[in-house]
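User: I'm new to reading protein structures. Could you walk me through one, feature by feature?

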Amino acid sequence: MQLGQKNKMKLENLSFVGPCLILVGIMVYLPFVMSMYYSMTKWNGIAKEPIFIGFQNFINLFTGDQNFVRSILFTAKYSILFIVVVNIISLLLAVALVKKLKTANILRAIFFIPYIMSMIIVGFIWRFIFSQGFASLQAMTDWGIFKLSWLGDTKLAFYSIIIVSIWQAVGFYMVIYIAGLQAIPDDVLEAATVDGAGGSYRFFHVVLPLLGPSITTCIFMSLTNSIKVFDIILALTGGGPGGTTYSVTLDIYREAFQNNNYGLGAAKSLVLFVIVLALTTFVLHIFKKKEVEM
Amino acid sequence: MKKTKIGLILLEMILIVAAAIFIYPVFLMVINSLKPFAEVVTDVIALPKKIEFQNYAYVTEKINFVRLFFNNLTITTIGLAGIILFSSMGAYILSRRNTKFTRMAYMFCIIPMLIPFQTIMITLLKVAKTFHLSDSLWGLGIQYWGFGIPMAVFIYNGFIKTIPREIDESATIDGASTLTIFFRIIFPLLKPVTATVAVLDVMWIWNDFLLPMLMVNSRPQTKTLTLAAYTFVGQYNTNWHYAMTAMVMAVVPSILFFIVMQKHIIKGVVAGAVKG
């Protein structure tokens, strides 16, 4: 009886959890392990047998052509700027839009709309705006900013990508901050006002600390999303001009599917994994410490 | 008191102007989809001289919009149904039973959240071919099960822990089997989280680009909306009037979905972000 019960439990465990294990195993773990193997081979995807070359790919990544290093630097620059700017803008919007405004709901919806569109489409819309729309706006206003080559100039192309990324994502971070702000009890704010705290003092010394969890969430999400930036760049600049706007993920894609260096691509993709893992554990560690202090 | 009121009105006006500028690109996309080619080239910001839907007729036929729409619907439905079913069942056992097996299985299920898709995409292609999952809508939908389960299990697991165990225990005493308890009692209680998972996964699968690009891009019969828009813009590089029309058509379903489900979407997005 006892044994039968135990076996029944085991059978239930397997039948309830089994599908998850099998699916995740096949879709994620199997390709992951294969990537580890292929990263140590020279393989063009067509030849039957990949040639084992040990750690040569990893050595080539950093000593051979500089594409990968350049894409890492690009992604780092992009991520830092994106995380800082998107969090500041979305927090400001959230602070403004929790106030009792007649149009608050519709304004929130407007700022959220780009987030529900596919990022490829967002990239194309902006390519149209930068190339065609700005020409017409320039003709109408004669303003210098519309005359610049926003996608053709190396420096400007970087900022174009940042602008479009922020345009697409700002609504997402805004709604998280709004939820955080709404969770702050009114009496805390009233107490601060009664104690004579002015607007900005109240914001920096009362609201911001109480917003800690939302800030953690937003910074963490913006970090993991920006490291993996792909679609927007592909649609907006395609990595150009002159290959200066390749992110790490776009570089992996190019190496594997355009240059057909699957082995080298797999090696790059594992480096990406290590970077993501290291950064996320590092950031989570810092926030854990901070939250304990507060 | 009066001062704050004027301040609020001023703030509201600034916000309205900001929102108008913010959404202007979308507006430009829509008006240019209604113009003939000559008008787009001469002036992008002018309103169309008269509203014509010729571009829409042309693009609808060219990309076979109806089929694309149903392709998206098929993939999203298959993906979502599997993710919800398997994840909720799995998370139920994983959060209720505390054994060595469940602890390890839980870690096995959620660790993939840390693995970027681009890390596995190269070899995934080979795996998908081996299991005959590439080049088919069903195959693509099934692949989303594997990629969607980690986060869904994580979210379900956190929620099921808040459901009192007494509910299942009293049902067990009444002689109900685990399967009955799950489907009759637990699953209905999971409604709010199921909504969160559904919102996040629909937005993800419907708009996803890279995985469909790798798996179903070779034949027009299996393309998705985003894929078709991407290919279309590639082919009609300078024909911006058609390109914008294709963009609008690809985006309209998402916007309608958002308008109808706005409350659920924002709730789901916030809940998903805070828990993830």
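Analyst: We'll go through the chains, their contact, a helix pair and a few backbone oddities. This is a predicted model, where local features need pLDDT of at least 70, side-chain atom pairs count only at pLDDT 80 or more, and totals for chains, interfaces and linings use all residues. Residues are numbered from 1 along each chain as its sequence is written, while chains are lettered from A and ligands numbered from 1 in the order in which they are written.

User: Okay, what secondary structure does chain A come to?

Analyst: Helices (H or I, at least four residues) and strands (E, at least two) are DSSP runs, numbered from the N terminus. Chain A has 12 helices and two strands. Going from the N terminus, the order is α-β-β-α-α-α-α-α-α-α-α-α-α-α.

User: And how many helices and strands are in chain B?

Analyst: Chain B has 13 helices and zero strands.

User: How do I read how spread out chain A is?

Analyst: Use the radius of gyration, taken over C-alpha atoms, and hold it against the globule rule, which is 2.2 Å times the number of residues to the power 0.38. For the 294 residues of chain A the rule gives 19 Å, but the radius of gyration is 24 Å, well over that, so chain A is more spread out than a compact globule. Its C-alpha atoms fill a box of roughly 75 × 70 × 35 Å along the principal axes. Chain B has 24 Å too, where a compact globule of 276 residues would have a radius of gyration near 19 Å. The C-alpha trace of chain B spans about 75 × 70 × 35 Å along its principal axes.

User: What share of each chain is buried?

Analyst: Count neighbours: a residue is buried if 20 or more other C-beta atoms lie within 10 Å of its own, exposed if 12 or fewer, and partly exposed in between, with C-beta atoms placed from the backbone. In chain A, 39% of the 294 residues count as buried. For chain B, buried residues make up 45% of 276.

User: How many residues of chain A and chain B are in contact?

Analyst: Two residues are in contact if their C-beta atoms, placed from the backbone, lie within 7 Å. Here 66 residues of chain A are in contact with 72 residues of chain B. On the side of chain A that touches chain B, α1(A) gives the largest share, 18 residues. To sort residues by class, Ala, Val, Leu, Ile, Met, Phe, Trp, Tyr, Cys and Pro count as nonpolar, Asp, Glu, Lys and Arg as charged, and the others, Gly among them, as polar. That side of chain A divides into 49 nonpolar, 12 polar and five charged residues.

User: Which domains does chain B have?

Analyst: Domain bounds come from an automatic or database domain assignment. For chain B, the assignment gives domain 1 (2-52) and domain 2 (57-275). Over C-alpha atoms, 34 Å separate the centres of these two domains. Their contact takes eight residues from domain 1 of chain B and seven residues from domain 2 of chain B.

User: At what angle do α4 and α10 of chain B pack?

Analyst: Axes are lines fitted to C-alpha atoms, for helices over the stretch in contact, and angles run from 0 to 180 degrees between N-to-C directions. Helix α4 (residues 65-96) and helix α10 (residues 191-207) of chain B pack at about 145 degrees, with their axes 10 Å apart. The residues making this contact include Ile75(B) and Leu80(B) of α4(B), along with Val197(B) and Trp206(B) of α10(B). By class, the contact has nine nonpolar, four polar and one charged residues.

User: Which backbone features should I look for?

Analyst: Most residues other than glycine have a negative phi, and most peptide bonds are trans. In chain A, the bond from Gly240(A) to Pro241(A) is cis, with omega near -5 degrees. Pro241(A) is in the loop between α10 (231-236) and α11 of chain A.

User: Where is Asn64(B) found, and is His132(B) buried or exposed?

Analyst: Asn64(B) is in the loop between α3 (54-63) and α4 of chain B. Although not a glycine, Asn64(B) has a positive phi of about 55 degrees. Asn64(B) is partly exposed, with 16 other C-beta atoms within 10 Å. His132(B) is exposed, with 10 other C-beta atoms within 10 Å. His132(B) also has a positive phi of about 55 degrees, and is found in the loop between α6 (117-130) and α7 (137-160) of chain B.
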